[in-house]
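Me: I should like to go through the terms used for this model and ask what each one rests on. Please set every value against its criterion.

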Amino acid sequence: MYRGKGFTYIWMLFAVALAGIMLAGAGQVWRTESLREKEKELMFVGEQFRQAIGSYYESSPGMFKRYPDSLEKLLSDDRFPTVKRHLRKIFFDPVTGTAEWGLVRQPGIGITGVYSLSTQKPIKRANFPERYSSFAKAASYKDWKFVYSPASLSSATLQSQSQPQS
């Protein structure tokens, strides 16, 4: 009689278990990499909103500058004889997958910024641009607020404006 009949079966079970563990590890790596890509996209989209809000504010006609009342105003600014577009579309939040954004509102002033509505904890914790240095301490993506304030001009821009032209 052949005594190794169960030996092949045990090795096959071991191989299937090992393959399952490897696939689970690969899935975790894929999930982490996917979230990192979403973070990069959130940084890009948030910056687009911040710049559009800044463009709306800075191009305000008259002496008093205004912030938009809604994100739709960034798509179609009707304060001018011809419609001005500060943003080409309302972007989807890459983390939540929806077009719904949290809005940073100043009472009586308007929308000064946007943020994701995701309560997920960010992976990225360092190496943010200076204006976003507070993101390093964020408990969730809700804390990543992309806000335009006139004082947020870069120091390089201020220096180039203050230097006399030769």
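**Terms and their grounds**

Reply: The model is a predicted one. The protein exposes about 11,400 Å², of which carbon and sulfur atoms supply 59%.

Me: What makes up the secondary structure of the protein, and in what order do the elements run?

Reply: Three helices and three strands make up the secondary structure. Read from the N terminus, the order is α-α-β-β-β-α.

Me: Why is S140 called buried rather than exposed?

Reply: The relative accessible area of S140 is 10%. A residue counts as buried under 20%, so S140 is classed as buried. S140 lies in the loop between β2 and β3.

Me: Which residues are in contact with S140, leaving aside its neighbours within four places in sequence?

Reply: They are S118, T119, Q120, K121 and P122. The term applies because contact requires heavy atoms within 4.5 Å.

Me: How do you know that β1 and β2 pair, and in which sense do they run?

Reply: Five bridges join strand β1, residues 102–106, to β2. Pairing requires at least two bridges, so the criterion is met. The two strands run antiparallel, and G102 stands opposite Y115 of β2. Three residues lie between the strands of this hairpin, where G108 takes a positive phi near 75 degrees.

Me: On what grounds are β2 and β3 said to pair, and how many bridges are there?

Reply: There are three bridges between β2 and strand β3, residues 145–147. Because at least two are required, these strands also count as paired. Their sense is antiparallel, and V147 in β3 is the bridge partner of G113.

Me: Why are β1 and β3 placed at the edges of the sheet?

Reply: The three strands form an open sheet in the order β1-β2-β3, with antiparallel pairing. β1 and β3 each have a single partner strand, so one side of each is left without a neighbour in the sheet. From one strand to the next, the twist averages 35 degrees.

Me: What makes strand β2 mostly covered?

Reply: Strand β2 spans residues 110–115, and six of its six residues are buried. Each therefore falls under 20% relative accessible area. For the protein as a whole, 30% of the 166 residues count as buried.

Me: What share of the contacts between residues at least 6 apart in sequence joins residues at least 24 apart?

Reply: That share is 47% in the protein.

Conventions: Residues numbered from 1 in each chain as written. Predicted model: local features only at pLDDT ≥ 70, side-chain atom pairs only at ≥ 80, totals over all residues. Heavy atoms only, no water. Helix = DSSP H or I, 4+ residues; strand = E, 2+ residues; numbered from the N terminus. Buried < 20%, exposed > 50% of the residue type's maximum accessible area, 1.4 Å probe, protein only. Areas by Shrake-Rupley, 256 points an atom, 1.4 Å probe, with all protein chains shown as cover. Axes fitted to C-alpha atoms, helices over the stretch in contact; angles between N-to-C directions.
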